[in-house]
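Biologist: I would like to learn how to read contacts between side chains, beginning with charged ones. Could you take me through them slowly?

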Amino acid sequence: MKKYKLIAASSFLVSALLLAGCTESFDWSQGVKSTDLVFQTFMPTEGAKGTTVTIQGNNFGTDPAQVKVWVNDVSQEILSVDQNFIKIKLADGTGSGKVKVQVGETQYVYPDTFTYAFVTKVSTVAGNGTGGTLDGDALKSQLIWPISFAWDSKENCPVFLQDNGSTDNIRRLKDGKLETLCAVGGMLANARSIAFSVTGDTLFIGADGGNTAVAMVTRKGGFNDLQEYIPYSKFPVGNINGIAVNPADGSVFTYHWPKYIYRYDATAGNVEEIVSREELAALEVGIWGDNTVIDDGTYGGLAFSPDGKTLYHNAKNRYQGILKADYDIATHRCSNLMRFAGSGCWGNDDGQGTAATIDQPGEIKIGPDGNLYVVSGPGHTVRMVTPEGYVSTIAGKGWEAGYQDGVATDARFRNPEGLIVAPNGDIYVGDCNNFRIRLIHKE
């Protein structure tokens with residue numbers, strides 16, 4: 001049976017007394033008794049992935065096979081062991097927590113917490129910087145204008161819509177390879193947005209024009225069986241810019257220029273307006289720096305909260321911001337429509353709600369942490385909005401276009417338009433004018 005002790009730095013002189021009641025001893029590591037073990041301290045007390053942490057104490061032995069170390073209950077790599085020191089290499093994603101040492105069959109937990117410092121970095125995961133449609137090794141592949149993303153939960157990888165004029169394509173990034181699944185230009189005129197069904201077996205594609213409003217491809221058909229899902233004759237207006245699926249009931253929602261949001265009732269085969277154009281028009285306005293109101297309609301998209309009860313809309317052109325509404329799953333109506341983030345003016349200012357500025361927000365997605373993530377094409381940034389509406393910049397620097405990987409605040413993008421957040425919190429960004437897909441990862 002393992003024995004657990006909590007020993008503070010102030011308890012070193014009395015450690016023998018604390019363990020005096022133990023009647024069982026272990027013969028391990030050159031005959032040193034478990035009752036002689038002491039965990040004194042560890043340095044440094046904070047660090048990121050790869051940091052070497054030294055644990056100091058007495059009678060650790062010399063056999064690494066007898067030693068185990070956890071930080072925040074995450075197993076760590078043992079670099080070296082001697083009688084007084086254990087050195088470990090901090091694992092990726094460890095997080096902050098207690099340091100636990102096991103030597104032989106005895107464990108010690110140090111009372112002070114190790115602080116894990118996450119470093120957010122940007123890397124390139126697809127595209128060689130040349131626009132095109134070349135499959136193969138991801139970093140040698142070619143792509144162009146990746147404007148909308150969806151997460152394939154069954155293959156655990158991103159799928160994206162490539163806007164390439166008359167030859168729009170659905171493509172997938174998986175296992176370091178880029179592959180084209182389906183060309184959609186033959187049926188859809190100017191495909192603009194994609195979203196998976198709740199089951200993940202159908203991918204819906206919304207189009208800005210033509211006869212087909214929403215098409216679909218299926219997993220059963222290898223995502224290459226393009227077929228019509230909703231004809232444009234069902235809608236009073238055209239120009240679908242954004243599409244989303246409600247995670248609670250699986251309904252398909254579409255946003256249309258200028259200022260219309262519809263829900264498609266697949267059972268009845270009809271569409272219904274879930275928020276009036278007048279309500280949208282009252283909030284969906286851009287503002288010049290001199291407070292002149294720009295009210296000529298806008299592009300944008302949609303996203304739902306995980307429970308399907310909150311609808312978000314990124315009002316994009318010009319300047320604009322993000323709207324939010326409560327959605328009633330039973331009545332299929334929105335209420336409490338409000339401007340959630342962004343003042344309507346251009347800018348890259350972080351801040352609370354409408355005190356912040358978001359320059360033409362592109363695709364929006366909700367992450368597993370409950371935060372909303374959005375790209376700003378003209379702002380060349382990736383932003384995060386908390387559930388309380390606080391806007392912060394997580395990657396890039398406002399209006400500084402370029403191509404640079406590394407620490408997120410030093411990274412540079414050139415007109416990012418699409419993004420998706422993976423279940424582990426990784427963010428894939430469609431860096432359109434760099435012809436690449438970038439990854440934002442905390443390590």
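Biologist: Is R172 buried or exposed?

Modeller: Keep in mind that this is a predicted model, and start from the cut-off, under which a residue is buried when its relative accessible area is under 20%. R172 has a relative accessibility of 12%, so R172 counts as buried. Its partner E179 stands at 30% relative accessibility and therefore counts as partly exposed. The side chains of these two residues, E179 and R172, meet in a salt bridge with 3.0 Å from N to O.

Biologist: What is the general idea behind such a pair, and how many salt bridges does the structure hold?

Modeller: In general, side chains of opposite charge can pair when their charged atoms come close. In this structure there are 18 salt bridges. One of them joins K316 and E417, whose closest N and O atoms are 2.7 Å apart. That pair links distant parts of the chain, since K316 sits in the loop between β28 and β29 while E417 belongs to strand β37, 101 residues apart. Both K316 and E417 are buried. Salt bridges can also share partners, and in this way D152, K154, D201 and R219 are joined into one network.

Biologist: Which residue forms a salt bridge with D249?

Modeller: The partner of D249 is R263, and the closest N and O atoms of the two lie 3.8 Å apart. D249 is in the loop between β21 and β22, whereas R263 is in strand β23, 14 residues apart. D249 has a relative accessible area of 32% and is partly exposed, while R263, at 7%, is buried.

Biologist: Now to the rings: how many aromatic pairs are there?

Modeller: The count comes to 19 aromatic pairs. Among them is the pair of Y232 and F235, which is edge-to-face, with 6.2 Å centre to centre and 65° between the planes. To read the geometry, remember that planes over 60 degrees apart count as edge-to-face. The ring planes of F253 and Y327 stand at 90°, with the centres 5.4 Å apart, so this pair is edge-to-face. F253 lies in strand β22 and Y327 in strand β29, so the pair ties together parts that are 74 residues apart in sequence. F253 is buried, with a relative accessible area of 0%, and Y327 is buried at 4%.

Biologist: Which charged residue lies over the face of Y403?

Modeller: R436 lies over the face of Y403, at 3.8 Å from the ring centre. Likewise, K100 lies over the face of W70, at 4.8 Å from the ring centre.

Notes: Residues numbered from 1 in each chain as written. Predicted model: local features only at pLDDT ≥ 70, side-chain atom pairs only at ≥ 80, totals over all residues. Heavy atoms only, no water. Phe/Tyr/Trp six-rings, centres within 6.5 Å; stacked < 30°, edge-to-face > 60°. Helix = DSSP H or I, 4+ residues; strand = E, 2+ residues; numbered from the N terminus. Buried < 20%, exposed > 50% of the residue type's maximum accessible area, 1.4 Å probe, protein only. Lys NZ or Arg CZ within 6 Å of the ring centre and 35° of its normal. Salt bridge = Lys/Arg side-chain N within 4 Å of Asp/Glu carboxyl O.
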